[in-house]
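Reader: Could you walk me through this one and tell me what stands behind the terms you use?

Author: Gladly; ask away once the structure is up.

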There are 2 protein chains.
Amino acid sequence: MHLIDIIQKKRNGGELSREEIDYVITEYVRDSIPDYQIAALLMAIWFRGMTRRETTDLTLAMAGSGDQVDLSRIPGVKVDKHSTGGVADTATLVVGPLVAACGGRVAKMSGRGLGHTGGTLDKLESIPGLTVTQTMERFIEIVSDCGLAIVGQTANLVPADKKLYALRDVTGTVDNLSLIASSVMSKKIAAGCDAIVLDVKTGTGAFMKERQGAVELARAMVEIGQLAGRRTLALVTDMNQPLGNAIGNAVEVAEAIQILRGELPSGDLKTVSFALAAQMLIASDICPSEDRAMALLDQAVASGGALERFARMIKAQGGDARICEDPGRLPNARQVLPLKARSSGFVGRMDTEAIGTAALLLGAGREKKDDAVDPAVGIWLLKRIGDPVRAGEDLALFHVNREGNLEESMRRFADAITIAEERPAPLPLIYTKIE
Amino acid sequence: MHLIDIIQKKRNGGELSREEIDYVITEYVRDSIPDYQIAALLMAIWFRGMTRRETTDLTLAMAGSGDQVDLSRIPGVKVDKHSTGGVADTATLVVGPLVAACGGRVAKMSGRGLGHTGGTLDKLESIPGLTVTQTMERFIEIVSDCGLAIVGQTANLVPADKKLYALRDVTGTVDNLSLIASSVMSKKIAAGCDAIVLDVKTGTGAFMKERQGAVELARAMVEIGQLAGRRTLALVTDMNQPLGNAIGNAVEVAEAIQILRGELPSGDLKTVSFALAAQMLIASDICPSEDRAMALLDQAVASGGALERFARMIKAQGGDARICEDPGRLPNARQVLPLKARSSGFVGRMDTEAIGTAALLLGAGREKKDDAVDPAVGIWLLKRIGDPVRAGEDLALFHVNREGNLEESMRRFADAITIAEERPAPLPLIYTKIE
């Protein structure tokens, strides 16, 4: 088999066979195909797309390129949750303890990746002492004991994705549905869970700005998961504003704890988290319906069971579980500075990605792979879309340690929020379920 | 400037600025842009194409990436001739001496490249003693003295093309009009001639199988040449059968000598060579019209002037000029074996590329860059399209040294020639002139 023939076949609009896709992935991971040929192939795929069959074959070839986690020693249905990423998306830290408290088994491996704010691993690491690096043995033990563990990926999980993603990132071939779907799903499949619940974001803070694209991505990922024999479903949810109000690391942990303690009776983060958790319970055969699941989840909060699960997991992963009772023990920034509204009206459109960048500029995220994240800094949003606002009123609180980028961060944040004269029509939060 | 932005701009259908194109070429030649990013850009160009302006800017950036030959010490108009390549295309060896004999200055640098049969350099090197490696000083001296020199490119002529071509070859991005045009024209422009006459081939033995594609390529190249301040024109000519009857190296030199000696009063190779030479004389301000040029060319053959120029150039480049009088001194193959027609009728369609491959299998061309070419071997075609043929009659003579691939070569040759019941309509030889 010659790679040049495979490149030309795809370039000319042909459909690659499973054997051709397997060849590409196997030989690329083995370093026997050069980056430049894969770069040309990726660009041809960007233009021509891939059929569902090709996308599934690609995903399975990638999933098989490294470690394949065996969770069979944990009894029952193991369930995973994945978000395509957004700003203030702390849902994993809410969903995990909730599902565990209801009897689910949440075994989650997270990647680190780049992002406006840190990823789930960075958020967890803002908890003093907690480590996300666990052996496979210990990971299985924690899931068995706590019903929940959230750890970093093993070093050799889907090496094909590591190589392909790094190459896509520098060759303008990131934004292709088949390549995104195979990147996500290969890791989910290799990570070994029986059920996978996907949260596909759409809006100004999401990778997929348009709802139609998000729905197509969700469909592609669900179909791949199902063809790979995993119970897979997706919710397509809104990312036209930050999901929670806290944007950062420790601040997001604090907001998750507020929800787990029942201190926030409503809010988008809670609504989406409960919806995802309900689907996870259904996929885990714990509940027969969404109504039953919602009742069980309410009870998990009211009883303190969910918070207790979170504390147990933190402890098992070496962290200071006292933060659950006393969030003040989380890292605090030196100063908290308000940002005031420039004019009066209603909060209209938000450029959510720019809001993420404002948090990044404070130190909450990383621009380059090796940048350090400051766990304490971040932004607390005080107004959401549709809220009335008066000129001079606080729009947000900035938790700041270094002042270098503060002005730029505040400018970007202020520019990102439109104050409208009329109250905008309310946004749907959950657009659709794909299963 | 970031290459990723340039890739995405082209990928999304944008037009690259001259600054962006200059950046790409300069930094790539300097090895500060990796192959994989250029591979992605080339594939995006394959899909999106380039405007004429982009193509011209690319060509000029490439032409400026290395040596730029200065021929100003040679008085008068210096003229170059380039063919996009075909089988039995010996025109350069006929045209060069003809134009020189008429007072033209032919300064030709040739690349080696891959091909079914050797390139012009390989053909010349079949002349005992002749070398195509000459210093720039000596090249200019030979052109001044003989009116004609044909040498290899300087090592640093258009390094951008060397890198880009090698990459295109392995990334499925060879067959794009802008990339082909810029590759050819950057070398012509850097080689320093004032006038450039292009022979763009179309047909079963040409890169451009369809006439429309050849015409577009010719237009693009002519426009680039003119924008670069060179007198440039192109003839689009037929390559649905080998141009000459000799396919190989020494055999092609022998056929060129036959024409220069006036021994072949007609034939496609002579017709095309005279047409190209006429254009070169006009572009050199030597003749005002094609009629005048044709008369001058006939005279150059009849007087022996053209043959004398060829002999002078051979001698100046170190070769045995006696081959002009005694072509038997050219390398001879051990055996000459006839290939007989399988059936009776008329020679119909020829798969000219396959005929080239048949010659390559005898050793006349190279599959890989470092393969050696056997100067003596080749095929003499005895029948051309439209000729009547009887079963058992000789179709061609195979000049053979090693018998290893002989059977395969003959099989391919026989398969490549269709014997039709009816005489096919005659093919035009020169389709159009672009200027």
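Author: Let's start where the chains meet: the rule finds two salt bridges across the interface of chain A and chain B. This is a predicted model, in which local features need pLDDT of at least 70, side-chain atom pairs count only at pLDDT 80 or more, and totals for chains, interfaces and linings use all residues. Residues are numbered from 1 along each chain as its sequence is written, chains are lettered from A and ligands numbered from 1 in the order in which they are written, and side-chain values use heavy atoms, with hydrogens and water left out.

Reader: What makes the meeting of A:Asp175 and B:Arg11 a salt bridge?

Author: The term asks for a side-chain nitrogen of Lys or Arg within 4 Å of a carboxyl oxygen of Asp or Glu. The side chains of A:Asp175 and B:Arg11 meet at 2.7 Å, N to O, so the pair fits the rule.

Reader: Which helix gives the largest share of the side of chain A that touches chain B?

Author: Helix 3 of chain A, with ten residues; helices here are DSSP runs (H or I, at least four residues), numbered from the N terminus.

Reader: How much area do chain A and chain B bury between them?

Author: About 1,700 Å², with 72% of it on carbon and sulfur atoms. Buried area is what two parts lose in accessible area (1.4 Å probe) on being put together, summed over both. In chain A, the residues that lose the most to chain B are A:Arg11, A:Tyr36 and A:Phe47, together 37% of what that side buries.

Reader: Why is B:Ser183 called buried?

Author: Because its relative accessibility is 7%, and buried means under 20% relative accessible area, with exposed over 50% and partly exposed in between (1.4 Å probe, protein chains only). B:Ser183 is found in helix 9 (residues 177-190) of chain B. Not counting residues up to four places away in sequence, B:Ser183 touches B:Met62, B:Asp161, B:Tyr165 and B:Arg168, where contact means heavy atoms within 4.5 Å.

Reader: How do you know that the span of helix 2 of chain B is close to the expected one?

Author: Helix 2 (residues 18-29) has twelve residues and reaches 17 Å from its first C-alpha to its last, against an expected 16 Å. The expected span is 1.5 Å times one less than the number of residues. Among the buried residues of helix 2 of chain B are B:Ile21, B:Val24, B:Ile25 and B:Tyr28. What covers its buried residues includes helix 1 (3-11) and helix 3 (35-48) of chain B.

Note on methods:
Helices (H or I, at least four residues) and strands (E, at least two) are DSSP runs, numbered from the N terminus.
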